[in-house]
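Here's a quick briefing to read alongside the structure. Have a look around first, then come back for the tour.

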Amino acid sequence: MPTINRQVVKYCFVLLAGTILALIFGCTPDHPQSTFDTVGPVSQSQALIFYIITYAGLVVFILVMAILIYSAIKFRRRQNTDADPEQIHGNNTLEIAWTVIPALLLVAVAVPSLKSLFDVTVSPEPEAMTVNVTANQWWFRFDIPELGVVTANELHIPVGEVINLRLNSRDVIHSFWVPKLAGKFDMIPNNENTMWFQSDEEGIFYGQCAEFCGESHALMRFKVIVESRKEFDNWVQEQLTDANKPSDPLTQQGHDLFMSSEGGCYACHTIRGSKKAYGEVGPELTHFSSRKHLAAGIMDNTHENLISWLTDPDSIKPGNIMAKNAAVYNDSEKSLSDPEISALAAYLRSLE
Ligand SMILES: [Cu+2]
């Protein structure tokens with residue numbers, strides 16, 4: 001009997017343990033990005049396909065394994081017999097059967113798959129609210145033209161309503177993914193994709209770019225906030241107002257720096273109500289402090305986190321365009337002082 005290499009056994013064990021761990025942690029239904037814990041019709045129909053394919057595969061797997069094990073035992077080489085087993089060639093019935101059965105299985109899987117593929121691109125209610133989603137390295141812009149709302153990284157939607165989405169990208173290919181609401185959809189520059197989704201539950205659902213798009217791809221996240229129609233309407237009303245005007249010396253100082261050529265922030269960010277800040281390279285900041293998260297969903301929108309972001313954005317999100325292109329970050333002679341950062345933070349936090 002050949003001795004089994006200990007090294008090989010060790011690797012197999014690690015592989016097995018790794019797979020089991022991945023399965024255990026990947027499939028917990030209450031995981032924030034679980035595709036099994038569906039909350040709307042689109043993700044439901046996609047999860048159903050997964051189950052159909054998995055169970056069909058399971059049946060085939062069990063059948064094939066059973067026949068294999070049976071044959072291995074039944075037709076094993078017996079002691080004292082060196083003769084060849086009986087040789088068989090050609091069996092029409094068998095050959096037709098193992099061609100037709102898999103073909104039927106594939107058709108059975110293809111029909112619901114194709115149907116669901118078309119269903120997600122063709123909205124059941126083309127008149128429903130449409131959101132233009134634009135991917136940027138490394139954040140998402142949400143624009144609801146019919147309401148005049150523009151925001152970033154946090155999409156509010158009303159519960160139980162169809163939401164139509166138009167997906168675009170400003171730079172490279174990204175992918176739009178809210179696991180509990182719908183499968184991944186590519187966001188391609190100059191080639192708009194459309195899809196829709198609907199959430200039947202209120203709550204906050206995690207989204208994530210799902211196509212490698214550069215250094216900080218893993219830090220390109222967003223949230224879908226599903227609320228009642230009334231809460232949603234209130235949110236829209238708040239978003240439509242102009243930004244708060246500075247109300248004390250510190251926020252005034254922050255505001256002035258934001259709008260100055262030394263600060264340079266206005267060139268990339270929009271603050272509605274100001275005559276100067278209508279840049280679109282970075283997220284809209286008119287109601288910045290009404291958002292729960294900062295820097296595309298990667299941290300809570302707190303004072304401390306905002307200070308860290310304004311002090312050194314590159315250490316938080318390597319390669320990001322603000323750190324790369326804003327003079328206050330790429331020219332050490334123009335760096336912001338601590339009091340300036342505090343003033344900017346105070347101003348931004350007053351933008352409710
Ligand atoms: Cu990405």
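Two strands count as paired if DSSP finds at least two bridges between them. With that in hand, five strands of this predicted model form an open sheet in the order E3-E2-E1-E5-E8. Another five-strand open sheet runs E4-E10-E9-E6-E7. The domain assignment splits the protein into domain 1 (34–63 + 97–239) and domain 2 (249–349).

**The sheet with E1 in it**

- The pairing in the sheet E3-E2-E1-E5-E8 is mixed. As background, strands of a sheet pair through backbone hydrogen bonds, either parallel or antiparallel.
- Which strands sit at the edges of this sheet? They are strand E3 (149–152) and strand E8 (193–197), and each of them pairs on one side only.
- On average, neighbouring strands here are turned by 25° against each other, direction ignored.
- Strand E5 (residues 163–169) and E8 run antiparallel and are joined by five bridges. Look for Ile 163, whose bridge partner in E8 is Phe 197.

**The sheet with E4 in it**

- In the sheet E4-E10-E9-E6-E7, the pairing is mixed.
- Strand E4 (154–158) and E7 are the edge strands here; each has a single partner strand, so one side of each is left without a neighbour in the sheet.
- Neighbouring strands are turned by 20° against each other on average, again with direction ignored.
- Strand E6 (residues 174–178) and strand E7 (residues 182–187) run antiparallel, with four bridges joining them. A hairpin of three residues links E6 to E7.
- Two residue pairs help you find your way along E6 and E7: Phe 176 stands opposite Phe 185 in E7, and Ser 175 stands opposite Asp 186 in E7.
- Helix H4 packs on this sheet and touches E4 and E10, with its direction at about 135° to that of E4.
- How many bridges join E6 to strand E9 (residues 203–209)? There are two, and E6 and E9 run antiparallel. Trp 177 has Gln 208 as its bridge partner in E9.
- E9 also pairs with E10, in the antiparallel sense and over six bridges. Here Gly 207 stands opposite Phe 222 in E10.

**Helices H2 and H3**

- Helix H2 (residues 41–74) and helix H3 (residues 92–121) pack with their axes 10 Å apart, at an angle of about 165°. That angle makes H2 roughly antiparallel to H3, because anything over 145 degrees counts that way.
- The crossing of H2 past H3 is left-handed.
- On the H2 side, the contact is made by Val 42, Ser 45, Gln 46, Ile 49, Ile 52, Ile 53 and Ala 56. H3 brings Leu 105, Val 109, Pro 112, Ser 113, Ser 116, Asp 119 and Val 120.
- What kinds of residues make up the contact of H2 with H3? Nine are nonpolar, four are polar and one is charged.

**Helices H5 and H10**

- Helix H5 (residues 249–259) and helix H10 (residues 338–349) cross at roughly 100°, and their axes come within 7 Å. So H5 is roughly perpendicular to H10.
- From H5, the residues involved are Leu 250, Thr 251, Gln 253, Gly 254, His 255, Leu 257 and Phe 258. They meet Glu 340, Ala 343, Leu 344, Ala 346 and Tyr 347 in H10.
- Sorted by class, the contact of H5 with H10 has seven nonpolar, four polar and one charged residues.

**Where the two domains meet**

- The centres of domain 1 and domain 2, taken over C-alpha atoms, are separated by 31 Å.
- Across the boundary, 20 residues of domain 1 are in contact with 15 residues of domain 2.
- Which elements give two or more residues to the side of domain 1 that touches domain 2? They are strand E2 (139–144), E3, strand E10 (221–227) and helix H4 (229–240).
- That side of domain 1 has eight nonpolar, six polar and six charged residues.

Conventions
Residues numbered from 1 in each chain as written. Predicted model: local features only at pLDDT ≥ 70, side-chain atom pairs only at ≥ 80, totals over all residues. Axes fitted to C-alpha atoms, helices over the stretch in contact; angles between N-to-C directions. Parallel < 35°, antiparallel > 145°, perpendicular 65-115°, else oblique. Left-handed = near helix turned anticlockwise from the far one by under 90°. Contact = placed C-beta atoms within 7 Å. Nonpolar A, V, L, I, M, F, W, Y, C, P; charged D, E, K, R; others polar. Domains from an automatic or database assignment.
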